Amino acid sequence: MFRNNYDNDAVTFSPQGRIFQVEYAQEAVKQGSVVVGLVNKTHAVLVGLKRNAEELSSYQKKIIEVDSHMGIAIAGLASDARVLSNFMKQQSLSSRMTYGRPLPVDRIVSQIGDRAQTNTQHYGKRPYGVGLLVAGVDEAGPHLFEFQPSGMTHEMLACAIGARSQMARTYLERNLDKLQDTTRDELITHGLQALKETLSQDKELTVDNTSVGVVGLAAEGAKGRIESFKLYEGQLLVPLLEALERSEEGETKEESMEVDS
Amino acid sequence: MTSIGTGYDLSNSVFSPDGRNFQVEYAVKAVENGGTAIGIRCKDGVVLAVEKIITSKLLKPGANKRTATVDRHIGIVSAGLVPDGRHFVSRARDEASSWRSVYKGPIPVSALSNRLGSYVQAYTLYSSVRPFGVTAIVGGWDSEAELAVDGQVGSGPESGSGGKIQGAKTGGPGLYMIEPSGLYWGYYGAATGKGRQAAKAELEKLDLNSGNLSLLEGVKEAARIIYVAHEDSKDKDFELEMTWISSLDGPTKGRHEEVPKGLLEEAERAAKRALEGEDEEEDATKGDANDSERMEE
Amino acid sequence: MNHFPEAWGRPRDDIYGPYNPSYLQTTGPKTHTQSPAVTGTSVVAVKFNGGVAIAADNLASYGSLARFTDVKRLRKFGESAVIGFSGDVSDMQHIDRLLESIDIRENYSTHGNTMNAKNLHTYLSKVLYKRRSEFNPLWNHILVAGFDENKKPFLSSADLLGTTFSAPHLATGFGAHLAVPILRRLFPDEESIETASKEQAVAALRECLKVLWYRDARSLDKYSIAVISEAGIEIEEDQQIEAQSWAFAEAIKGYGAQVN
């Protein structure tokens with residue numbers, strides 16, 4: 001079922017200057033379950049929807065801690081993500097070893113970008129089949145980056161990738177102005193809300209299928225400058241999901257009041 | 001392109017019967033879809049500017065730089081596939097650093113462009129790789145001062161044997177553009193990307209080869225040209241990104257830096273005014289004020 | 001004539017005996033630089049309230065010969081770190097190149113992440129340790145002055161073995177014996193460092209350099225001094241030791257007219 005002659009490998013341009021193999025790799029990202037990332041002035045949050053292959057199997061990990069100041073959320077081929085996250089972990093450790101400093105987020109992101117680009121220019125390699133959201137904090141504050149199989153990386157205020165992620169993006173775009181001035185906990189709630197928008201009718205966010213990662217600047221008066229990356233899974237999620245429920249209730253009330261007036 | 005589909009365009013490094021390498025031509029197509037990038041070689045510096053199309057509201061404003069610093073005195077801006085542009089810059093940085101380790105001094109802009117031209121050309125030679133999907137503009141300032149001897153111990157003689165040649169003139173601005181084929185030329189004004197035709201037309205009006213345009217005027221002109229080049233894709237928002245390299249006694253002291261925010265905004269305002277003026281001349285009845293306001297976002 | 005052209009033109013074996021190539025053999029270990037050649041002497045530094053002051057004279061000696069008299073042994077890195085080098089000058093120049101390439105790399109992007117003096121010291125100590133582990137040491141003892149990630153004054157040393165040591169006042173070379181006791185007397189505890197003014201610190205270093213000029217035969221009366229504070233780096237490279245008094249020399253055997 002070849003669509004055309006120009007999509008057999010990543011080293012052939014189409015007459016329009018496109019590289020189909022790379023575009024197909026981007027499709028692999030859309031097959032993965034959705035992950036959402038967002039930042040405000042103090043924190044960067046990752047939220048992911050985990051899938052299990054069957055009722056009795058465990059859920060696929062969606063959020064990985066890279067270092068105490070950085071984590072990633074993945075959509076697409078998990079094994080490709082493991083290669084990239086291992087590389088990121090090594091680079092992070094090496095920076096701490098050599099310079100005694102946490103690796104600046106933009107630098108590690110361009111490094112994986114460069115790696116991915118190499119795979120799109122040489123025969124016998126294939127593009128990575130995974131998209132990443134990288135959340136981290138450094139001297140310049142909290143950051144969120146999107147990484148694509150093409151090697152394209154963007155610094156974002158908010159982002160969602162994976163299956164049905166358009167719904168989440170729409171939510172984020174609609175609430176973009178609010179996000180900047182949220183508190184840490186409100187930011188998480190917005191992330192969960194965005195994630196929820198992508199769910200089909202019969203699905204819900206549960207402690208089993210949800211994953212949340214948070215990293216940011218430490219609160220005033222706390223020890224150290226940064227709040228280390230923390231992964232919320234299982235029972236740890238209960239308060240976060242409850243906060244989501246509460247905010248939804250609040251919202252419906254607000255809306256109904258608006259209707260009244 | 002008549003030979004499309006005859007099979008000669010399926011692999012890099014293959015000539016068609018009429019002597020063309022189609023894969024390189026297709027790579028150029030990728031460039032022609034990218035945001036407009038320009039460079040202007042002024043008498044006391046070089047300006048680089050790029051039109052950055054905003055593809056999503058969720059992008060962080062002002063981040064995601066498209067101009068890169070290669071060495072202290074050289075910058076690169078490119079149009080085409082962004083990841084290929086990053087690869088290109090990374091190679092440029094390696095070349096600049098290896099030059100330093102061999103010659104103990106900064107690489108001249110011409111030498112860097114030459115090496116990058118060779119590197120890009122090598123990606124047209126083999127079927128195992130594809131050509132670069134970028135056209136890159138390399139701008140820099142070769143120091144006009146005498147280079148410090150590496151690891152200089154003491155000051156050396158003031159004159160005489162091993163001393164200085166009085167009044168020798170060296171250095172100056174350099175601007176080169178490297179295409180996917182590996183071809184490169186030196187330029188007074190270079191433009192590539194989607195709006196290159198409009199940009200070139202504007203650059204030609206500047207009479208750059210007389211060498212009278214100052215760097216500050218160049219900044220204003222570069223902003224205006226990017227705004228002119230954007231006219232054809234008005235429906236999309238964009239950010240203007242500009243960097244510059246001045247002479248040693250100029251504002252950047254021979255270094256490649258971002259144009260300061262204040263000056264950038266001033267140049268953008270002037271560019272918008274110039275556009276509005278043109279519109280009025282062309283069609284007094286049609287007010288385009290709304291469009292230029294939208295660009296501010 | 002035989003069929004081994006490579007042997008043609010060589011002394012005949014039957015007259016001169018077989019060629020003895022033993023001198024070409026390299027038995028024994030591979031050797032690297034086992035001693036420095038052109039060297040700089042002491043570097044002295046002290047912290048004060050709000051910064052660090054560091055000083056070194058402008059001399060590079062070739063053995064006991066005062067070979068180069070305007071050598072800059074204090075090197076700036078970025079906007080808030082200074083490295084002072086003692087030991088081999090060519091190795092200093094090598095490290096200087098490393099620092100230059102780091103500085104260029106650090107400035108590729110304007111991301112707001114800067115390398116501070118502490119990061120720099122960690123890096124340099126790793127370089128020195130790696131080289132000594134290859135039995136090819138960089139023959140230097142360095143002091144790194146600046147600020148740490150919490151914007152606190154930072155001062156630390158690293159030597160040719162990769163040993164690191166940190167204290168509120170540090171000195172390398174002869175200074176470790178002659179300057180440190182002076183600095184310890186002037187600033188005996190943490191509190192005195194925390195309350196010391198920039199002027200006090202600078203005056204203390206000038207005093208130390210004067211004593212070194214009196215007593216270290218590899219020192220010079222021309223020196224450089226740098227002050228790193230929140231305002232940035234002030235560096236002066238053409239200082240002259242002033243108000244000398246050699247009267248004490250009269251009391252020492254071997255000086256002046258006194259013979260025994």
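**A tour of chains A and B**

Start where the chains meet: two salt bridges link chain B and chain A. A salt bridge here is a side-chain nitrogen of Lys or Arg within 4 Å of a carboxyl oxygen of Asp or Glu. This is a predicted model, in which local features need pLDDT of at least 70, side-chain atom pairs count only at pLDDT 80 or more, and totals for chains, interfaces and linings use all residues. Residues are numbered from 1 along each chain as its sequence is written, chains are lettered from A and ligands numbered from 1 in the order written, and side-chain values use heavy atoms, without hydrogens and water.

**Stop 1: the interface**

Select E155(A) and K60(B). They form a salt bridge, with the closest N and O atoms 3.3 Å apart.

Now select the side of chain B that touches chain A. Helix 1 (22-32) and helix 2 (82-103) of chain B are the elements that each give two or more residues to it. Helices (H or I, at least four residues) and strands (E, at least two) are DSSP runs, numbered from the N terminus.

Show both sides. The contact (heavy atoms within 4.5 Å) takes 32 residues from chain B and 33 residues from chain A.

**Stop 2: the sheet of chain B**

Select strands 8, 1, 2, 9 and 10 of chain B. In that order they form an open sheet with antiparallel pairing. Two strands pair if DSSP finds at least two bridges between them. Strand 8 (189-192) and strand 10 (256-258) of chain B each have a single partner strand, so one side of each has no neighbour in the sheet.

Zoom in on strand 1 (residues 37-42) and strand 2 (residues 45-53) of chain B. Six bridges join these antiparallel strands. Look for C42(B), which stands opposite G45(B) in strand 2. Next, add helix 4 (residues 196-205) of chain B. Helix 4 packs on the sheet and touches strand 1 and strand 8 of chain B.

**Stop 3: the sheet of chain A**

Move to strands 3, 4, 5, 6 and 7 of chain A. They form an open sheet in the order 3-4-5-6-7, with antiparallel pairing. Which strands stand at the edges? Strand 3 (63-67) and strand 7 (153-155) of chain A do, each with a single partner strand.

Select strand 6 (residues 141-147) of chain A. Three bridges join strand 6 to strand 7 of chain A. One stop within strand 7 is T153(A), the bridge partner of F147(A).

Finish with helix 2 (residues 78-99) of chain A. Helix 2 lies across strand 3, strand 4 (70-76), strand 5 (130-138) and strand 6 of chain A.

How values were computed. Axes fitted to C-alpha atoms, helices over the stretch in contact; angles between N-to-C directions.
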